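The following exercises are to be worked with the sequence and the three-dimensional model at hand. Each task is followed by a solution in steps.

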Amino acid sequence: MLLQVSDISKSYGVKSVLSNITMQILNRERIGLVGVNGAGKSTLLQIIAGEITPDSGTVYKAKETRIGYLAQNSGLQAGRTIDEEMRAVFSKLIAAEQELRDLEQLIATPALQADDKKYAETLERYAARSEWFREQGGFEMDTRIRSVLHGMGFGDFAPDTPVATLSGGQKTRLALARILLQAPDLLMLDEPTNYLDIATLTWLEDYLRGYAGAILVVSHDRFFLDALATGIVEIERHSAKRYTGNYSRYIEIKAAEYEAAMKQFDKQQDAIARMEQFVERNLVRASTTKRAQSRRKALEKMDRLDRPQGELKKAHFSFEIERPSGKDVLDARDLALVFPDQAQPVFQNVSLQLQRAETVALIGPNGVGKSTLLKLLVGEREASAGTLRWGSHVRIGYYDQEQTTLNPKNTVLEEVWNAYPHLEEVRIRTVLGSFLFSGEDVKKKISLLSGGEKARVSLAKLMLLQANVLILDEPTNHLDLFSKEMLESALMDYDGTLLFISHDRYFLNKMAERIVELTSSGVYHFLGNYDAMLEKKLETFELEQQEKEGAAQKARKTDLPTETSRSSTYEVEKQAKKEERARQRQLEQLEKHIAEVEEEIAALELALTDPEVYQNYQLVQEKQSRIDQLKTDLEQSLETWEQLMS
């Protein structure tokens, strides 16, 4: 057992957040922590991390257990570069490496060599520090940094890129990269999937599945929880309950438990009703009075079951349209956008058509220009090339993932009412109530709201617009699992046209009828949802491979002049395969060479601790010179390896 949480309670004023929370985490467990926004999930992580103190209860950690905690705010230092942030994780190794360099210089000085005792002590210290440096992974430090940065989407970023220049999403990804490098015994992540594109999400899932320690993660990504979690802890009504299995299994078990509890409750209620009727009918009859009294005593002694508590109150809303649009909603052809200070276009060759009542998803890696394209479509930016035409009677509703349209100085009520001043206050309050803002909640300042609450305010404003075209940029970000389900339900019943960006694969599978993938060279269109797109891509890849193999076989069978072009294609493919085999061989040779160099360095450093060596000044100089040559060779080999891998 790595961690034991016992009877943790936490309140803010009169509002209870957590009550008698008990849970434990074993080594290598992957626990998903779920619950509605405001249930206390982040508070529990902060208590475990020691950032806040509980009102009561204890957190017990096994001896020497290291906990790593990634909060929703990144905690990065704006004054550092990407490389400095990553290397800060290895500060002890870097200090040890510098100490080794200093010791090497000291060992080479004649003054130290003249003092046999100090010389021997210095060599012993050098050997001990070298061994510690090797055991702690000092030689793999740079490779690990490059690997994690590449996986988190920073492969093309210069190491000296200032953290201050990164976007909010990039900072979140960099903070996640940093904590993965720390490799704590218990890794606690609060909403790690926000701002990650699908490729990075897939990489992260694979990385975490093979993670050596335990994981406690707060996430509203159902696909992610299904792929990773071996257990789910639900915080509901201030208390915690644990379920075995992933998220889908948790939903099944919870539903089955509720159904069984309701059957037990109903069965007992029927029995109580029959007993009460019997007592009422027979208490005054002489022949049955004793039996009636006996039943009444049994009723008084009965341990009555409480009615099972159903689901929590959920946001409930629908998107209605004031007037249908024409059949042709959007016709965009060959759109391109180039910023004045950039040589390369943000995107180009983008053609997109929308028909009335279509539901289309726009996907692509972070930074490819998806959000910028949506802003261009709604008129917030102007295209550098191409044509854009909206159909007749189109009324657009736009949801911005950054919530830039919200005024932080307004209250929730003011924010919505200012947008629709012609509506009565009771109508505004009713709408806000359906988005779980009731009573004093409507008087909260926008600046004090959580990400999920801000999202619900924006959705409330969007609902009142009654637009027949909805353009949504990451609408599920920050929403809890229950609010996501309500949004899905509302959008599935929507009669208008929907174009949305999302990296939520569950949401994409449930909502998308067609997927448009944006790349640096243009767009690709796929009918169906996310899984259908993956199947189509796999079929296309396999077909291309078969065609290439078929063409290669035909080219090998004949050398007729009419087959010149095919033969040429075959030769190109043959050359490409030859080059790939050569690259793989070079990689294997390099990796073997790197391992041999590291072993030789370690052996030479160990040899320096041998009295027969360190008492011989000339031999020490020779071995130290060889170590320096090997380290230069190692650095060059690692650079070549990185180039071949990219």
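**Exercise 1. Orientation of two packed helices**

Task: Determine how α14 and α15 are oriented to each other in this predicted model, and which residues make their contact.

Solution.
Step 1. The two helices α14 and α15 are oblique to each other. This follows from the angle between helix α14 (residues 425-434) and helix α15 (residues 451-465), which is about 125 degrees. Angles over 145 degrees would count as roughly antiparallel and those of 65 to 115 degrees as roughly perpendicular, so a value of about 125 degrees is classed as oblique.
Step 2. Two packed helices are described by the angle between their axes and also by the distance between the axes. For α14 and α15 the axes are 10 Å apart.
Step 3. The crossing of α14 past α15 is right-handed.
Step 4. On the α14 side, the contact is made by Arg427, Ile428, Val431 and Leu432; α15 contributes Ala460, Met463 and Leu464.
Step 5. Sorted by character, the residues of this contact comprise six nonpolar, no polar and one charged. The charged residue is Arg427, because Arg counts as charged.

**Exercise 2. Backbone angles in two loops**

Task: Examine Leu436 and Glu474, and state the sign of phi, the location and the accessibility of each residue.

Solution.
Step 1. Most residues other than glycine have a negative phi.
Step 2. Leu436 is not a glycine, yet its phi is positive, at about 70 degrees. Leu436 sits in the loop that runs between α14 and α15. With a relative accessible area of 25%, Leu436 is partly exposed.
Step 3. Glu474 also has a positive phi, near 50 degrees. The loop that holds Glu474 lies between β15 (469-473) and α16. The relative accessible area of Glu474 is 7%, which is under the 20% limit, so Glu474 counts as buried.

**Exercise 3. A salt bridge between two helices**

Task: Describe the salt bridge between Glu488 and Arg222, and identify the network in which both residues take part.

Solution.
Step 1. The side chains of Glu488 and Arg222 meet with an N to O distance of 2.5 Å.
Step 2. Because Glu488 belongs to helix α16 (residues 481-492) and Arg222 to helix α9 (residues 222-228), the pair ties together parts that are 266 residues apart in sequence.
Step 3. Are the two partners buried or exposed? Glu488 is buried, at a relative accessible area of 0%. Arg222 is likewise buried, at 2%.
Step 4. A network of salt bridges links Arg222, Lys484, Glu488, Asp504 and Lys510. In total, the structure holds 32 salt bridges.

**Exercise 4. Two further salt bridges**

Task: Analyse the salt bridges of Arg237 with Glu236 and of Lys241 with Glu257, with attention to accessibility.

Solution.
Step 1. In the salt bridge of Arg237 and Glu236, N and O are 2.9 Å apart. Arg237 is partly exposed, with a relative accessible area of 32%, whereas Glu236 is buried, with 14%.
Step 2. In the salt bridge of Lys241 with Glu257, the closest N and O atoms are 2.8 Å apart. Lys241 lies in strand β9 (residues 239-244) and Glu257 in helix α10 (residues 247-282), so this pair ties together parts that are 16 residues apart in sequence.
Step 3. Lys241 is partly exposed, at 40% relative accessibility. Glu257 is partly exposed as well, with a relative accessible area of 34%.

Methods
Residues are numbered from 1 along each chain as its sequence is written. This is a predicted model: local features need pLDDT of at least 70, side-chain atom pairs count only at pLDDT 80 or more; totals for chains, interfaces and linings use all residues. Side-chain values use heavy atoms; hydrogens and water are left out. A salt bridge is a side-chain nitrogen of Lys or Arg within 4 Å of a carboxyl oxygen of Asp or Glu. Helices (H or I, at least four residues) and strands (E, at least two) are DSSP runs, numbered from the N terminus. Buried means under 20% relative accessible area, exposed over 50%, partly exposed in between (1.4 Å probe, protein chains only). Axes are lines fitted to C-alpha atoms, for helices over the stretch in contact, and angles run from 0 to 180 degrees between N-to-C directions. Angles under 35 degrees count as roughly parallel, over 145 as roughly antiparallel, 65 to 115 as roughly perpendicular and the rest as oblique. A crossing is left-handed if the near helix is turned anticlockwise from the far one by less than a right angle, and right-handed if clockwise. Contact means heavy atoms within 4.5 Å.
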